[in-house]
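Grab a pencil and work through these exercises with the model open beside you. Try each task before you read its solution.

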Amino acid sequence: MKFEQYNISPLIKQSLDELGFKKPTDIQYKAIPSILKGDDVLAIAQTGTGKTAAFAIPVLHILHQRDRYNTRHQVKCLVMVPTRELAIQIAEVFVKLSKHTNLTILGLYGGVEQAPQIKKLEKGVDVLIATPGRMFDLVSQRHIDLTRVDILVLDEADHMLDLGFIKDIRDVMRYLPSRHQTLFFSATINEEIKDLAYSIVKNPIRIQISPKDPVSKNVSHAVAYVEMDDKRFFLERLIKEFPEKKILVFVRTKVRAERVFAAMERVGIQTLTMHGGKEQDDRLKVMNEFKKGNTKILIATDVSARGIDIEGIDYVVNYDLPDVPENYVHRIGRTGRGVQKGQAISFCSTEEKPLLDQIQQYMDKDIRVMTIDKTAYIETITFTEETPNDNWQLLLDEAEQEDAKRKKKKKK
Ligand code: AMP
């Protein structure tokens, strides 16, 4: 079924057309009709599946149809999200989809000045996409009135719980009118999330997208055994072999991010970094730069990257394996979004093998191993423009010795 055949406003269809969205993704196909009917929805879907549009399309249609005018400070749909990046990204999707309607959208998050946000809130907004901190701040200052919210969306509920927002989720319910529609989205599900979900949704329609394989079909992913000290050479080679590709590189800590940045700089590769140590202004600048593609390589930590949705990421590189197995899925879900294809490669060192085992257990599946034979390995660490280190010299010596042995054998 195509979007053309959906019973939604032509103004929204026009935006879908402009965005190049022709057919709904799985989650959209399953969620949109129920949301339009007014049902509560409980959906387990990872990023990259098209889940944002799965709620944004029907929400906008519902609000557009009601066509009631906003009064001061009132909000019609509240989307609660765990991070600023996610707030920005979801607001962007709403803005694009509502472009031809009169609906007003506002992304609200901390770390930036309040005054412009307050000004926008004065006239009321149809869709408010907010992180809890700043929202409660403005609610208590009476700049936001949540008593007329028709639809509550909780996005990345699992991440909200990880970040300790459970109390905020419960608190927000106190402000909402007793009759409202709730749309609950989470990438993963466990007992705690189930408890939370069932305490706030009513007879929900349950939707689960590919529960057995949490990795999108569009992502082909593999692991390569690369020792810690050699990882930078492999990254360098990948980047130099594919200069046109947009690559998102994940590292464990902000210190590692800056280290990899410096290592790439030494070999003439310009990269960007994104981690918890960056100011909000900087983060926005980095995201813009990467989005525009001026710089094609972004080195990020898990937390900072959680909300990232950048179109056309060709490669995700797990420079370090994630400590938490679920993050593997989140990370590689940054590529192969919507209907695009993506690739992911993880560098696993000897000491990281237990982490790899945990990830495979979590996914109940082995990750394909990209075998690098010794020659290719040595070629990669000699390929660098950096002054070679002792480590590869050792490997070279080893290879030479083996070669000599082989020749000797042949002679015999
Ligand atoms: P999300 O899971 O919401 O983060 O969306 C992932 C990506 O899929 C985004 O980059 C969207 O632009 C893209 N997308 C969402 N819905 C569709 C669709 N129906 N057709 C093509 N691309 C889509």
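**Exercise 1.** Work out how strands β8 and β13 pair, and over how many bridges.

*Solution.* Start by finding β8 at residues 219-225 and β13 at residues 342-348. Strands here are DSSP runs of E with at least two residues, helices are runs of H or I with at least four, and both are numbered from the N terminus. Two strands pair if DSSP finds at least two bridges between them. β8 and β13 have seven, in the parallel sense. For one spot to check, look at Y225, which sits opposite C348 in β13.

This is a predicted model, where local features need pLDDT of at least 70, side-chain atom pairs count only at pLDDT 80 or more, and totals for chains, interfaces and linings use all residues. Residues are numbered from 1 along each chain as its sequence is written, and side-chain values use heavy atoms, leaving out hydrogens and water.

**Exercise 2.** Place these two strands in their sheet, then find its edges.

*Solution.* The sheet is open, has seven strands and pairs in parallel, in the order β10-β11-β9-β12-β13-β8-β14. Now check the ends: β10 (272-274) and β14 (368-369) each have a single partner strand, so one side of each lacks a neighbour in the sheet.

**Exercise 3.** Find where the predictor's confidence is lowest and where it is highest.

*Solution.* pLDDT is the predictor's confidence in each residue, from 0 to 100. The protein averages 89, and 90% of the residues score at least 70. The low point is helix α17 (residues 390-411), with a mean of 58. Strand β5 (residues 151-154) is highest, at 98.
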